[in-house]
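Could you walk me through this protein, one selection at a time? I have it open in my viewer and would like to know what to click next.

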Amino acid sequence: MKTWLKLNTKKTNSHKESPKKELKKSHALYEKLFIPFICAIFFSAFIYWEHFFKSYNPPLLSTIFALIALAFYFHLKKFGAFICGGFVGIFWFYWIGLSFRYYDLSYLIPFIVLFVALVYGIIFYFMCFFKNPLYRTLMLVLVSFLHPFGFNWFIPELMLTTSYFEPSKTILFCLCLIIMLTQKMFAEKYYKMGGVFFLSSLILLGSSNLNLAKTPTLSHLKIKTLQTSIPQDQKWDKNNLASHIQTNFNHIKLAKNEGYDMVILPETTFPLALNLYPNLLEDLKAFSQDIIILTGALRNDKEQTFNSAYLFNKGQLQIFDKVILVPFGENIPLPTPIAKWINTHFFKGGEDFSTAQNISFNTAKIDNIPFNIAICYEATREEFYKNSPPFLIAISNNAWFYPSIEPTLQKLLMQYFAKNYGTSIYHSSNFSPSFLLTP
């Protein structure tokens, strides 16, 4: 009888403990998956809102997205940080593999997405390796100096580009401190004090941004930027070459007739090595007597191929070869034997592009005005803004990644650098909108 009572008591106790176990399991799941996923969503929301609702994107929304992302960031466990980083990698960079469609390698796209998720999962894991909030703050501020395979597009303070705050590392650091101290006050049940501190600190930080606002600088030149719509699978088809060339000249004639001083055509809008076509060069030089022309095209020099920008002005020609190539897109950032093997087996025997001989950014004086000249990826590299140029010309071909958020992310990055360096950017692109950005 006593034995039965003991067994019955054990069973009863086990039934009483099961809800607690279930609660612990659900809480663990919440910490491991739900918080990381929500954190990644808010880390990325500013991109998608700009992409889908750019006609209605008030600064308040981006501000809220950033604050929620930072608040969740401090609560991540190490494994949760890995999950969060993986989703951030996917939400920001899922489009990287889309270019493989044009090499008959579509089957690799899921593996590329998973690889990107793994890379950023590991990065976030080490960003949150210690619970110390100051450590996590420093890691978040400094992580943009880490460029996996030379790719620099993960900049956490980019979240602030369309917010009430200046998109800088200093402001990001201050926001982290505000959230850190507010959470500490709330944890000790100083709710009113924490709320007052939080709101007053944000208002003070936001007002300091207004005082630092830069006055936009515009060129006295009347410059036309172009958006073209040539699908990537048609761009290099030789059967379409004559049509592409004629379309380019039509754009130049139209800009001239509209009274523009300069027209900017997108990256490789002449899909050929333009320096090997003397008749085309002469025609463009002739047109440049009436309107300045900057266009993208290739340049061949012996066995080397360059992605270049051609500037025609008053019958004179300057050529600017690309300095910073796109990792895995224009060069394989791996040892030469491995890069050759990858090009042979995956890219139909293609060769990497060559880089310009100069190791700094390209710059030109156009009508005595200094312009930095960037080709696609270069316009999102800090090297091209280090001299705080008043003007930068950017040309891109975003057809590789259509349809995706890539052009939106590229624009946000340009806007980030424009605000930080006081640069006005003129951008022409294929398969994404052209624009003028001011600080």
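Here is a short tour, from the whole chain down to single residues.

**Stop 1: the whole protein**

Keep in mind from the start that this is a predicted model. Show everything as a cartoon, and you can look for 12 helices and 12 strands. The protein has 439 residues, and 49% of them are buried. Now switch on the surface: the accessible area comes to about 22000 Å², with 63% of it belonging to carbon and sulfur atoms. Contacts also reach across the sequence: among those between residues at least 6 apart, 70% join residues at least 24 apart.

**Stop 2: the largest nonpolar core**

Hide the surface and select Trp92 and Phe93, the residues with the most contacts inside the largest nonpolar core, which has 80 residues. In soluble globular proteins, nonpolar side chains tend to be buried together.

Which helix gives this core its largest share? That is helix 4, residues 109-127, with nine residues in the core. Colour domain 1 (20-209) and domain 2 (223-437) differently: both give residues to this core, so the core lies between them.

Stay with phenylalanine 93 and show what surrounds it. Leaving aside neighbours within four places in sequence, phenylalanine 93 is in contact with Val88, Val116, Tyr120, Phe151, Trp153, Phe154 and Leu409.

Another core, of 20 residues, lies apart from the largest one. To find this second core, select some of its members, including Ile223, Ile292, Ala364 and Cys376.

**Stop 3: along helix 4**

Select residues 109-127 and look at helix 4 by itself. Show the side chains of its buried residues, among them Ile109, Ile112, Val116, Tyr120, Phe124 and Met127. Then try a distance between the two end C-alpha atoms: they are 27 Å apart. Why does that fit a helix of 19 residues? At 1.5 Å a residue, helix 4 should span 27 Å, so the two values agree.

**Stop 4: salt bridges**

Side chains of opposite charge can pair when their charged atoms come close. This structure holds eight salt bridges, and we will visit a few.

Begin with glutamate 157 and lysine 169, whose closest N and O atoms are 2.7 Å apart. Glutamate 157 sits in the loop between helix 5 (133-142) and helix 6 (169-187), while lysine 169 is in helix 6, 12 residues away. Is each partner buried or partly exposed? Glutamate 157 has a relative accessible area of 0%, so it is buried. Lysine 169, at 22%, counts as partly exposed because the cut-off for buried is under 20%.

Next, select lysine 184 and glutamate 188, which meet in a salt bridge at 3.6 Å, N to O. Glutamate 188 is partly exposed, at 43% relative accessibility.

Then move to glutamate 383 and arginine 381, where the closest N and O atoms are 2.8 Å apart. Here glutamate 383 is partly exposed at 34%, whereas arginine 381 is buried at 8%.

**Stop 5: loops with something to notice**

Select lysine 302, in the loop between strand 5 (292-301) and strand 6 (304-313). Its phi is positive, about 60°, although lysine 302 is not a glycine. With 84% relative accessibility, lysine 302 counts as exposed.

Now jump to asparagine 368, in the loop between strand 8 (362-366) and strand 9 (369-375). Asparagine 368 also has a positive phi, about 65°, without being a glycine, and it is exposed at 69% relative accessibility.

For a look at the backbone, zoom in on tyrosine 402 and proline 403: the peptide bond from one to the other is cis, with omega near -10°. Proline 403 belongs to the loop between strand 10 (391-397) and helix 12 (406-421).

**Last stop: a buried loop residue**

Finish at threonine 268, in the loop between strand 3 (262-264) and strand 4 (270-273). Is threonine 268 buried or exposed? It is buried, with a relative accessible area of 5%. Show the residues around threonine 268: beyond neighbours within four places in sequence, it is in contact with Lys235, Trp236, Gly296, Ala297, Leu298, Asn307 and Asn397.

Methods
Residues are numbered from 1 along each chain as its sequence is written. Side-chain values use heavy atoms; hydrogens and water are left out. A nonpolar core is a set of buried Ala, Val, Leu, Ile, Met, Phe, Trp, Tyr and Cys residues joined through side-chain atoms within 4.5 Å. Buried means under 20% relative accessible area, exposed over 50%, partly exposed in between (1.4 Å probe, protein chains only). Helices (H or I, at least four residues) and strands (E, at least two) are DSSP runs, numbered from the N terminus. Domain bounds come from an automatic or database domain assignment. Contact means heavy atoms within 4.5 Å. Accessible areas come from the Shrake-Rupley method with a 1.4 Å probe; for residues, only the protein chains shown count as cover. The expected span of a helix is 1.5 Å times one less than its number of residues. A salt bridge is a side-chain nitrogen of Lys or Arg within 4 Å of a carboxyl oxygen of Asp or Glu.
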